Amino acid sequence: MALLVLLILSLPACASMRTNREDFEGFRVEEKPEAAAFKPKQPPHIIFILTDDQGFNDIGYHSGEIRSPTLDKLASEGVRLENYYVQPLCTPSRSQLITGRYQIHTGLQHSIIRPRQPNCLPLDVVTLPQRLQEIGYSTHMVGKWHLGFYRKDCLPTRRGFHTYFGSLTGSVDYYTYGSCDGKSLCGFDLHEGESVAWGRAGKYSTHLYTQRVRKILATHDPTSQPLFIFLSLQAVHTPLKPPKEYIYPYRNIGNVPRRKYAAMVSIVDEAVRNITYALRKYGFYRNSVVIFSTDNGAQPLTGGSNWPLRGCKGTYWEGGIRGVGFVHSPLIRHRRRISRDLIHITDWYPTLVGLAGGNVSQHQGLDGFDVWPTISEGKESPRLEILHNIDPLNRRSRGSLKDGYGLWDTTVQAAIRVGDWKLLTGDPGNGDWVPPHVLTHFPSSWWHLERDIGEKRKSVWLFNVTGDPCERHDLAVHRPDVVRELLARLAFHNRTAIPVRYPPDDTRANPSANGGAWRPWVGEDDEEENWDGVYYKRGKNRKRKKCRLCKLQSFFKKFNLKIMSKQI
């Protein structure tokens, strides 16, 4: 009965997302010509707001459960992006935003950058804030970095930001700013520029970061120099610790994690309201562009929701990569509309550099497109294709080169979209459709009610995500022609990939050896260790003590299993 209810709920939700476009019978991947667009006379002030782990169903205009009046109003008065894609994890999304390049072109195609890894955004890549500085912008970053910090050259202030205030690791406590890599290795993580901001702890991070943005606006002359602010909020990432007064309006939500999560979204909404008020108060608004985006899908186990999309954070299903996003600006020529044109997080680099008056064509290697004509004037997007990722370190036991028509090894985790079609190979991640949190205590067995039991036997999936955004109808068997074409595209992109950089943990990173804080631990004069082309798996990085008893126990366990299996 419960399963029947869930299926009934899913049908109208998916149907409401469909468009009237016919099924895509073929596709081409050559670039579309980019049309000239209206550009402001003066370089605009740019405020980019990135939230953490906010799901597709975690904003007011997608869900009646969460209240976000400011975000809803800004989106309705601007351009809502309803075919907008990000990456499934923190580091990948941030790296693609700030470089305009796919992960396969920065060596960050596997997982995230861990606190103890001697790894960061490649130092030879020119970042978005560096380009904006060259054009004459004052650049500032507030919030979560998560792009590596083992050397000082990796820090935000060395990668294009005049000022920085925030946390360098992937997750910190909202009040104490303590960050742990594992249960026992913890340190303080709040930084002002290149120094540890001791004494600033105690205030909820979203409030603290909002206060810093308002201070930047209050002390900057909007007529003297264009401003770029990258507000990378920690919210709504775990831990779920909102102030109690924000939880009370959601007291009717029975599920406790969802209740706290909704409260954290409301705090984000309040932060955006205060920032837009400051833009008007200090004279920035009339010549400003405000961009709002999430970095990846939500984690349903901790209160988030991607309904009715499939999958969650960390997966290449739509729930993990279809982002919430909008652009609000008086400079948009055709406002108050919804855009269903294909846009990817790599597109912000060339779009914002072009909007600021820079010449994007001077820089080779970008995977993004200038989509300002699409956003401002409603012109067709120049993007026809998105390489979601190719991760050679993530392989599953199922699949083969034969299953990939001799073109692609389908054991490799990869995902690509061309036109209306989306192809996945290897292990895309948890493929559940997780319904809204309606019960006080959601039974753990319910998380898998809508999982396709045949998924474990597959290594190739094909969906028409325009007609089937919820990915309920795998067409791989019915359209082998499209599968073959997309596998060929994966092989083409893979030939341009650089080696994965995923080095083992460095014991020198331990906060106890660095004054109790997470900070750069490799000296500027120390030689760089070369990990290029050497692949490491998490869990294999640590040296394990020899244990003869452990080996004997393992041997007898396997031996007994073999005997039992023969008896059965």
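Ten strands form an open sheet, and their pairing is mixed. The order across the sheet is β9-β8-β5-β4-β10-β1-β11-β12-β2-β13. Two strands sit at the edges: β9 (195-196) and β13 (337-339). Each of these edge strands pairs on one side only. The model that shows this sheet is a predicted one.

What holds neighbouring strands together? Strands of a sheet pair through backbone hydrogen bonds, either parallel or antiparallel. One pair here can be followed in detail. Strand β4 covers residues 138-144, and strand β5 covers residues 163-167. They pair in the parallel sense, over five bridges. Which residue of β5 is the bridge partner of histidine 140? The partner is threonine 163.

Now step back to the whole chain. The chain has 568 residues. Its secondary structure comprises twelve helices and 18 strands. Buried residues make up 57% of the chain. The exposed area is about 24600 Å², and carbon and sulfur atoms supply 53% of that area. Contacts also reach along the sequence. Take those between residues at least 6 apart: 75% of them join residues at least 24 apart.

The helices come next, beginning with α4 and α9. Helix α4 spans residues 128-135, and helix α9 spans residues 348-355. Their axes come within 10 Å and cross at roughly 10°. Angles under 35 degrees count as roughly parallel, so α4 and α9 are roughly parallel to each other. From α4, the contact uses Leu128, Arg131, Leu132 and Ile135. From α9, it uses Tyr349, Leu352 and Val353. Six of the residues in this contact are nonpolar, none is polar and one is charged.

A second helix pair has another geometry to follow. Helix α2 (residues 69-77) packs with helix α7 (residues 256-281) at an angle of about 55°. The axes of these two helices are 7 Å apart. How are α2 and α7 oriented to each other? An angle of about 55° falls outside the ranges for roughly parallel, roughly antiparallel and roughly perpendicular, and α2 and α7 are therefore oblique. On the α2 side, the residues that meet α7 are Pro69, Thr70, Leu71 and Leu74. They meet Asp269, Val272, Arg273 and Thr276 of α7. The residues of this contact divide into four nonpolar, two polar and two charged.

Notes
Residues numbered from 1 in each chain as written. Predicted model: local features only at pLDDT ≥ 70, side-chain atom pairs only at ≥ 80, totals over all residues. Heavy atoms only, no water. Helix = DSSP H or I, 4+ residues; strand = E, 2+ residues; numbered from the N terminus. Buried < 20%, exposed > 50% of the residue type's maximum accessible area, 1.4 Å probe, protein only. Contact = heavy atoms within 4.5 Å. Areas by Shrake-Rupley, 256 points an atom, 1.4 Å probe, with all protein chains shown as cover. Axes fitted to C-alpha atoms, helices over the stretch in contact; angles between N-to-C directions. Parallel < 35°, antiparallel > 145°, perpendicular 65-115°, else oblique. Nonpolar A, V, L, I, M, F, W, Y, C, P; charged D, E, K, R; others polar. Pairing = 2+ DSSP bridges.
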